[in-house]
Amino acid sequence: AGASTRDPVIVHTALGKHTERFIFPDEADGLNGLTPGYSNAFGKVKVSTKDRIRLTGQCLNQFHLRVIFRYVNMISMPTTKMVAQIRAPSRESNPEALELYLINLSFEDKVKHILKDLDGFEKPKLTITTKDPNQLPYHTKIIPDVKPALTRSIQKKLAKMCEMGRVRILDKVGKQHWLSPAFVKEKKGRVDADGDPLIRMLCDCVVVNGVTQLEAWWTEFVCKIEDFKAEFSHTDKYFAVIDLMDAFEMMLVELDSQKYLCFVIRVDGKIVVFQAIVCIQGLALSAYFFPIWWARLCWAAFGFAYLQWWAAYVDDNIVKGPTRERTEGRVEIFRAFCKATDVGISPKTPGDVKTEVTGAGIVISEHGLRADDTVEEALRMRLDVKVRGIKQARNLRGVIESARTAFLFDVGQQHKFAELMQPMHKAIAKADKESKFPTQEWIEKV
């Protein structure tokens, strides 16, 4: 299975000693027929014809063997050593072989192996283009003013963003720069170590979103709840939730595209213009580009294998596995991958392995999938509201359609959720058939 593409690992075994080592199925061919000078999956093994080698093996599970070498009565030169070339699996290897190899490495060696596989790979960068190539740059005439009480907070926020390489302050604004307003929102009741209010920076990308081009194939990667659900199988018994931190801001924007992401704000009476170097919240393309960015990063390191190890819904990742030990091993692989690629992990999700977890509004367990109780309760509350106008009717229609697609599970896995939805489906179908949405007659029928 792609043995020729894998890097050799040299193992030296001294005289009179024995060693234990995991090997993989594609390396096991011919081991029982090992004879002096025999060339097999280990590479050429050089031993004297007078040496006696005893080889024993036992199958631990369906995809690996533990082979114990014992070297007995090696009577040739006292310094004789046996050199075995064991090739380390890579992303082209069998997924089970790659997983086993990584699990048995230390955390530091996992990181080194992943970095080696990623050698030469460059993370994708977002390229922004306008629908009309002759589109004139947008310059807002709205310059939001920061409250005096938040002056120190915004100054520290911008300084930190610059230090992290997420924005740069522009001293001069050129004709090519697009200029949009930025706002500051205070996080009520929360302060930093200096007692200054914590704030959230909000960038108004409405104009940019309206004129930028979306590649048609990007929509294929848009996170859909039905695709997320399909990534779990009956063999998955244990799970761990790991969320990424500041997911969008990990993605760099191409240098020539950064001109679209300039923002202006007034701080302490002075106009400040900063330019985003990374994708930001509010930029519509960020949400489309992130699933592509994340999938390509995972693929570059592991190939198809990662699809068996975790499922992703935007920045929520659910590590899955058939046993607790295998799942814990996959969690460590995930953490090593994030370490190697400088991807931050949210401290809110420790990655503890459990038999039941909640992600993307879905409860995931060995018994199957079902809607989260809080989601179901929220839906019940929305449906209890008496519809009194067209706007509420549209909201109701959206809620029902969302529930119909997002929580389309088997009846046995829904805890009577399917029975709750059935009369609504029938009412919508009947109203659609007999009257035109969203007339008052349609509202009354529903």
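User: Which residues of helix α2 are buried, and what does "buried" mean here?

Analyst: This is a predicted model, in which local features need pLDDT of at least 70 and side-chain atom pairs count only at pLDDT 80 or more, while totals for chains, interfaces and linings use all residues. Residues are numbered from 1 along each chain as its sequence is written, and side-chain values use heavy atoms, with hydrogens and water left out. The buried residues of α2 are P95, A97, L98, E99, L100, Y101 and L102, and the word stands for under 20% relative accessible area, with exposed meaning over 50% and partly exposed the range in between (1.4 Å probe, protein chains only). Seven of the nine residues of α2 (residues 95-103) meet that cut-off, and the helix is described as mostly covered. The helix itself is a DSSP run (H or I, at least four residues; strands are E, at least two), numbered from the N terminus.

User: What makes the pair R326 and E99 a salt bridge, and how many residues apart are the two?

Analyst: A salt bridge requires a side-chain nitrogen of Lys or Arg within 4 Å of a carboxyl oxygen of Asp or Glu. For R326 and E99 the N to O distance is 2.8 Å, so the pair satisfies the rule. R326 belongs to helix α9 (residues 324-341) and E99 to helix α2, and these distant parts of the chain are 227 residues apart. Both R326 and E99 are buried.

User: How do you know that R330 forms a salt bridge with E99, and which helices does the pair tie together?

Analyst: The closest N and O atoms of R330 and E99 are 3.0 Å apart, so this pair also falls inside the cut-off. R330 lies in helix α9 and E99 in helix α2, so the pair ties together parts that are 231 residues apart in sequence. R330 is buried, as is E99.

User: What makes D194 exposed and K156 partly exposed, and how are the two side chains joined?

Analyst: D194 has a relative accessible area of 54%, so D194 counts as exposed, whereas K156, at 30%, counts as partly exposed. Their side chains meet in a salt bridge of 3.1 Å, N to O. D194 sits in the loop between β9 (179-191) and β10 (197-203), and K156 sits in helix α4 (residues 151-163). Both belong to a salt-bridge network that also contains R152, D192 and D196.

User: What makes a set of residues a nonpolar core, and which residues have the most contacts inside the largest one?

Analyst: The term covers buried Ala, Val, Leu, Ile, Met, Phe, Trp, Tyr and Cys residues joined through side-chain atoms within 4.5 Å. The largest such core has 69 residues, and W294, F302 and W310 have the most contacts inside it. Helix α7 (residues 284-302) gives the most to this core, with twelve residues. A second, separate core has eleven residues, including I225, V241, V357 and I364. If contact is taken as heavy atoms within 4.5 Å, the partners of W294 beyond four places in sequence are L244, W310, A312, N317, F334, F337, C338 and V343.

User: What is notable about the charge of D243, given that it is buried?

Analyst: D243, in strand β11 (residues 238-243), is buried yet has no salt bridge. Lys and Arg count as positive and Asp and Glu as negative, with His and the chain ends not counted. The nearest side chain of opposite charge is K348, at 8.2 Å, so the salt-bridge limit is not met. Among the residues that D243 touches beyond four places in sequence are D315, D316, N317 and T349.

User: How do you know that F304 is exposed, and which nonpolar surface patch does it help to make?

Analyst: The relative accessible area of F304 is 59%, so F304 is classed as exposed. This residue, in the loop between α7 and α8 (306-309), makes a nonpolar surface patch of about 330 Å² together with W299 and L307.

How values were computed. Patches are made of residues with over 30% relative accessible area and no salt bridge: like charges are joined within 9 Å, nonpolar side chains (Val, Leu, Ile, Met, Phe, Trp, Tyr) within 5 Å. Accessible areas come from the Shrake-Rupley method with a 1.4 Å probe; for residues, only the protein chains shown count as cover.
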